[in-house]
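Work through the exercises below with the structure open. Try each task before you read its solution.

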Amino acid sequence: MLGKLDGLLPVGSVLVLEEPDVIEARGLAGLSDRHACVAALLPAPTQDEAHPERLVRAVSRPPQVRAVVPVVEYGVVTAAALAEEWGLPGAGVKAAHLLRDKGLLRAALTGTGTLQPDWAPATGPETVAAFRAAHGGEAVLKPAGRQASLGVQLLGPDDDVTAAWAHTTTADEPTLRARPREPARYLVEQRLHGPEVSVEAVVHEGVVGFLNITAKTVRDSRHPVETGHTVPAPLPEDTGAELRRSLVRLAQSIGFRSGILHSEWLLAGPDGRPHLIECAGRMPGGGITVLIDEAYGTDILSCLLRVLEGRGPVEPRPALKGAAVRFLTPPPGRVARVSGAGRAREAEGVHAVHLGVEPGGVVRPVTSSWERAGFVIATAEEGPAAARRLAERAAALIDIATEPEAGPESVPGEEG
């Protein structure tokens with residue numbers, strides 16, 4: 001995001017707030033040297049969701065401040081509090097709290113007309129096992145406040161619930177989260193079956209404007225990590241209309257004011273109706289912002305800045321072409337060689353190729369989005385189906401050969 005802001009905003013116009021632990025863990029001390037738009041990096045309690053007033057007291061209102069932008073999942077609540085204190089548009093603190101806790105969001109949407117799976121708080125393996133037994137031998141176990149599919153597991157009748165609980169409750173992002181950690185909460189949910197999509201919407205003063213639907217491809221694994229996205233989702237017109245209505249209902253139900261909503265839905269049941277998986281009050285990850293910009297000929301970050309600066313709504317617009325990303329998920333092990341990236345970059349329709357591994361590095365079992373080894377993005381004037389074919393074809397040209405490590409740590413239920 002800072003790289004894009006370098007091209008959108010004047011030199012020295014951005015104040016970055018971040019937890020001291022994260023600044024140290026990620027080596028961010030020289031941020032203003034790497035990004036011309038950054039005026040300063042200020043250590044601040046950006047992740048204290050229980051007491052966002054600490055951030056409000058710690059940061060003085062900059063003169064001529066135009067917007068407060070939540071960049072990461074763990075700063076959504078404090079960004080909303082800061083915007084509210086400074087009289088600027090934002091999500092609203094109440095809505096931000098709901099979006100940061102999947103259990104609170106489920107409870108808030110009960111009875112509003114939003115379709116959801118059955119769910120319950122999970123306090124230990126026994127509660128997970130009992131819920132699974134009451135729901136046909138299947139369940140979904142997840143943290144209430146994480147991102148990137150971290151700790152999410154799909155459980156069948158024969159899966160070891162104790163091992164699953166241990167994996168979910170120890171999944172963490174040590175370089176992205178402040179110490180000490182707030183007590184974590186967990187959910188167990190009914191497992192639904194059907195295609196998955198996400199809905200990205202720009203909201204201005206509670207009114208949904210621009211909206212995109214992303215089709216998702218998910219690993220056939222205990223860990224439902226996404227392996228591909230396609231924009232716009234090739235859906236029947238009535239399904240797209242129902243997803244828009246569902247997103248509008250969600251935004252109104254939680255009182256979301258201004259910003260971007262990134263919601264995930266599963267089209268379940270014989271009629272394929274949208275059931276909410278979860279929703280975030282920030283920009284989407286997984287390359288979706290690039291896909292939206294390419295498909296619609298827009299700049300979704302500029303759209304976010306527009307509503308957060310109070311400059312008015314962002315109206316709906318039609319897609320001009322299709323765009324797709326295909327993630328690379330080689331077998332776990334030590335990387336012996338990487339080949340084919342050059343051919344992939346030259347392949348038809350390819351917009352970008354990124355490799356996150358190199359020879360000598362290690363590929364871990366894919367249990368969250370963080371373990372993916374790279375991606376290919378492609379576009380096609382013919383539409384989303386063609387873009388997906390081109391992305392898959394280019395990704396197939398890349399060979400990441402791995403060799404098993406001696407005594408690797410295994411993940412319960414992970415087939416590799």
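**Exercise 1. Find the salt-bridge partner of E392 and say where the pair sits.**

Step 1. In this predicted model, E392 forms a salt bridge with R388. The closest N and O atoms are 3.0 Å apart.
Step 2. Check the spacing. Both residues belong to helix α14, 4 residues apart, so about one helical turn separates them.
Step 3. Check the exposure. E392 has 34% relative accessibility and counts as partly exposed. R388, with a relative accessible area of 37%, is also partly exposed.

**Exercise 2. Trace the salt bridges of E309 and state what they connect.**

Step 1. Begin with the principle: opposite charges on side chains can pair when the charged atoms come close.
Step 2. R66 forms a salt bridge with E309, with 3.0 Å between the closest N and O atoms.
Step 3. Locate the two ends. R66 lies in the loop between α4 (53-58) and α5 (76-85), and E309 in the loop between α12 and β12, so the pair ties together parts 243 residues apart in sequence.
Step 4. E309 forms a salt bridge with R311 as well; here the closest N and O atoms are 2.7 Å apart.
Step 5. Compare the accessibilities. The cut-off for buried is under 20%. E309, with a relative accessible area of 18%, is therefore buried. R66 is partly exposed at 46%, and R311 is partly exposed at 43%.
Step 6. Place these pairs in the overall count, which comes to 23 salt bridges. A network of them links E49, E73, R100 and R282.

**Exercise 3. Decide how far helix α12 is enclosed, and by what.**

Step 1. Helix α12 spans residues 300-308. Of its 9 residues, 7 are buried, so the rest of the structure largely encloses this helix.
Step 2. Name the buried residues: I300, L301, C303, L304, L305, V307 and L308.
Step 3. Find their neighbours. They pack against α1 (2-8), β7, β8, β10 and α11 (288-296).
Step 4. Inspect both ends. At the start of α12, a side-chain oxygen of D299 comes within 3.1 Å of the backbone nitrogen of L301. Just after α12, G310 takes a positive phi of about 75°.

**Exercise 4. Work out which residues of helix α8 face inward and which face away.**

Step 1. In α8 (residues 125-134), the buried residues are P125, V128, F131 and R132.
Step 2. They cover an arc of only 130° around the axis, which puts them on the same side of α8.
Step 3. This buried side packs against β3 (119-122), β4 (139-143), β5 (153-155), α9 (161-170) and β6 (186-189).
Step 4. The face turned away carries the exposed residues E126, A133 and A134.
Step 5. Look past the helix end: just after α8, G136 has a positive phi of about 70°.

**Exercise 5. Lay out the 8-stranded sheet and find its edges.**

Step 1. The order is β11-β10-β7-β8-β9-β12-β16-β14, in an open sheet with antiparallel pairing.
Step 2. β11 (273-280) and β14 (350-355) are at the edges. Each has a single partner strand, so one side of each is left without a neighbour in the sheet.
Step 3. From one strand to the next, the twist averages 20°.
Step 4. Take one pair. β7 (residues 196-204) and β10 (residues 259-268) are joined by 8 bridges in the antiparallel sense. V199 has S263 of β10 as its bridge partner.
Step 5. Add helix α14 (residues 384-395), which packs on the sheet and touches β8, β9, β12, β14 and β16. The direction of α14 makes about 140° with that of β16.

Definitions and conventions: Residues numbered from 1 in each chain as written. Predicted model: local features only at pLDDT ≥ 70, side-chain atom pairs only at ≥ 80, totals over all residues. Heavy atoms only, no water. Pairing = 2+ DSSP bridges. Helix = DSSP H or I, 4+ residues; strand = E, 2+ residues; numbered from the N terminus. Axes fitted to C-alpha atoms, helices over the stretch in contact; angles between N-to-C directions. Contact = heavy atoms within 4.5 Å. Buried < 20%, exposed > 50% of the residue type's maximum accessible area, 1.4 Å probe, protein only. Arc of directions from axis to C-beta. Polar contact = N/O pair within 3.5 Å; in protein donor to acceptor, adjacent residues only side chain to side chain. Salt bridge = Lys/Arg side-chain N within 4 Å of Asp/Glu carboxyl O.
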